[in-house]
Amino acid sequence: MHILSTPIEYLKGVGPIRSELLKKELNIFTYEDLLFHFPFRYIDKSNVHLISQINDSFPHVQFKGRIKKIEEKGNKRSKRLIAYFQDSSGVIELIWFKSIRWIKQNIDLNKEYIVFGKPSFFSGKPNLVHPDLDAMDGVKEDFMGLHGVYSTTEKLINKGLNSRAISKLVKNLLPLLENNIEENLSDEVLTKFKIPKKKNALINIHISKDLKILERAQKRLKFEELFFLQLHLLKSKQLRKTKTIGYSLTDIGENFNDFYNNHLKFPLTNAQKKVIKEIRADVKNNQQMNRLLQGDVGSGKTIVALLSMLIAIDNGYQACIMAPTEILAQQHFKTISQELKSLNINIDILTGSKKSKARKILLEELKNGDINLLIGTHALLEDTVEFSNLGFVVIDEQHRFGVAQRAKLWKKNKYPPHILVMTATPIPRTLSMTLYGDLDVSVIDELPPGRKEIKTLWKSDSSRLNIIRFMHEQIKEGRQVYIVFPLIDESAKLDYKNLIEGFDSIVREFPLPDFQVSVVHGQMKSADKEYEMQRFVEGKTDILVATTVIEVGVNVPNASVMVIESAERFGLSQLHQLRGRVGRGANQSYCVLMSGHKVSADGKTRLQTMVDTNDGFKLAEVDLKLRGPGDMMGTKQSGLLNFKIADLIKDNKILIYAREQAQILLEDDFDLSKSENINIARFYRPYARERMGWSRIS
Ligand code: ADP
Ligand code: MG
């Protein structure tokens, strides 16, 4: 057994009771776990101050001197021990309210001490309450430096394991490990990036003389963490490309050409053309494509998906597109059927609401290859769904699907189909590098021409009458309006606008027969939802009152106003998605964010950011800062973005550098078999084994 795997109970100062707690509370099972339990902040003990120098701007102070006198004052609850501590410049009182007897017994008036604490001032005179007191002769060289503060828990503290005690354990541990920490980077990388060896970094992350040394240690450990992840992602990507056989879609055939030349309603943007070329280049070889398509709301991803699927169909394969909601699947089915109606392609739809008889027929036709193009929801992932020869899969609005679900679709086939994953919410570059680091990425960075910038307003209840008047005007001009509510059930404690109540008041303001109002929410039967939605799509209703079921993908170009009630309750990407429902036609469009008067600081930032920009990539950056990567991508539980020390937001430069270095390394020595890369190879093998599956996210 390697010494790093030694169970934590063997460490001096731990024992059976504490070890149980360390396991339960902090997941520390072994020496290695403790070694990697890094401090979350540091206290600077590198300076010794003079008592006469300090004032209330010092967060912590440290003095060297002697105790001249001790005395107890007060009684019962006000009882305290006071030690008069003197250095060359003056005297300060050290005060204890607890453990008085023990401290009194241990203080030695003949000894030189170093005392550390947070000063407080009492009528202009400084004192230190419950300071750290250490005899100078017992102080080791490493004492005067930066001291780590460790996360701990109530239960651990009750058993004496506060941050200081954990720090002591680490100090017991480090000398045991010093000669057993193997370097896992090559000399070349170490010198190029000017970072310390792993051994030194791991020691200095716990104890370091000064800030410079600490920062170098942090940089090294962050780099290492990001480097191996990127190495793994890039290697998996490369492996998949060379090893995973995919269907070779060599022909651009009849359907594609006919549609492209005769039925396209608009010229493609350059960005769309570029992406289609990228996809085409991927699927031509017999390698499996795994491509992420990013593009802002309304950038025209659907047509790219459709043309790609036509390539697959022309080559004799089936294609499918999976959407996150029934409404969206229905919409894709309608528009795609419409667009392809003059082509000889058999299209069908499978959602949860498909009646069992029709479903049976569909499954039959799918299995024997009669259906060329299947559109659907999660229902596509059910075990009973079998294709005859699925060659191309599009996953729309993928951020709505869980990681495992996507993996399931991958397994659907004998050979993996080509996969095009589309996101509606732009993802900051550093995040997509990590989360989708093993995919190829295409970006549509251009909106179709002629789109007018959506005007976004942030209003409170006092402007409600104006907003209603404005809606009247827009409807009079023939436009349609969305009103979105965050909740559909009255929740006793929350006074958020309720959809049903909201619906009633809208109907009062916009009465029949002059106005028609649709309502759609999650608890309706899907047939009813579909009916109401369809009325709005066809322009039969003026207003659609809805919950967020309409968030993704719904396309009604005539709609020009999006009113979002209690907008402070929505996340940024959701708000941006909702706003993207308007501005799809030639008319000037508006997004009105209604909020209460009490909005949290983050809420204000979100709403103001919406007002300030329409750019999805900029919004994504702000969102990342507000929420952090795990929350933003819904991957908090998956562990994919759990780093020990790296921070995707703060360390993006290191990340980009680490990815570059990993790329350079792989180009030179893909198998890591060269002798100069032996350190990397030795560490990487078990690392990769542990991560198998994580990279297979799509
Ligand atoms: P998203 O990328 O959000 O999925 P869609 O594919 O739904 O966007 O496209 C949004 C709208 O833009 C649709 O009405 C679509 O027909 C239209 N559109 C797409 N590409 C173009 C283009 N090149 N020129 C004009 N309109 C386009
Ligand atoms: Mg879409």
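**Figure 1. Who sits around ligand 1 in this predicted model.** The ligand is ringed by 16 residues, and the closest are Gln272, Gly298, Lys301, Thr302 and Arg451. Sorted by class, that shell holds five nonpolar, seven polar and four charged residues.

**Figure 2. Side chains that reach oxygen atoms of ligand 1.** Start with arginine 451: an N or O atom of its side chain is 2.7 Å from an oxygen of the ligand. For lysine 301, the corresponding separation is 2.9 Å. Arginine 584 joins in too, with a side-chain N or O atom 3.4 Å from a ligand oxygen. As for how much of the ligand gets covered, ligand 1 on its own exposes 570 Å², and the protein buries 84% of that.

**Figure 3. Helix α9, with a buried side and an exposed side.** This helix runs over residues 254–263, and Asn255, Phe256 and Phe259 are buried in it. Looking down the α9 axis, the buried residues fit within an arc of 100 degrees, so they line one face of the helix. The general geometry helps here: an α-helix has 3.6 residues a turn, so residues three or four places apart point the same way. Turned away from the buried side of α9 are the exposed residues Glu254, Asn261 and Asn262.

**Figure 4. A cis peptide bond at proline 513.** Leucine 512 and proline 513 are joined by a cis bond, with omega at about -5 degrees. The proline belongs to the loop that links α17 (499–509) to β20 (517–520). As background, most peptide bonds are trans.

**Figure 5. Two loop residues with positive phi, serine 99 and histidine 130.** Most residues other than glycine have a negative phi. Serine 99, not a glycine, comes in at about 50 degrees, and its spot is the loop between β4 (91–96) and α3 (100–106). Histidine 130 is not a glycine either, and has a phi of about 45 degrees. Its loop lies between β7 (125–129) and β8 (132–135). With a relative accessibility of 37%, histidine 130 counts as partly exposed.

**Figure 6. Buried cysteines in a protein with zero disulfides.** Cysteine 320 is buried, at 0% relative accessible area. Cysteine 591 is buried as well, also with a value of 0%. With a cut-off of 2.5 Å between cysteine sulfur atoms, the disulfide count is zero. For the wider setting, buried residues make up 53% of the 698 residues in the protein, which has 24 helices and 23 strands.

Key:
Residues numbered from 1 in each chain as written. Chains lettered and ligands numbered in written order. Predicted model: local features only at pLDDT ≥ 70, side-chain atom pairs only at ≥ 80, totals over all residues. Heavy atoms only, no water. Buried < 20%, exposed > 50% of the residue type's maximum accessible area, 1.4 Å probe, protein only. Near = heavy atom within 4 Å. Polar contact = N/O pair within 3.5 Å; in protein donor to acceptor, adjacent residues only side chain to side chain. Areas by Shrake-Rupley, 256 points an atom, 1.4 Å probe, with all protein chains shown as cover. Nonpolar A, V, L, I, M, F, W, Y, C, P; charged D, E, K, R; others polar. Helix = DSSP H or I, 4+ residues; strand = E, 2+ residues; numbered from the N terminus. Arc of directions from axis to C-beta.
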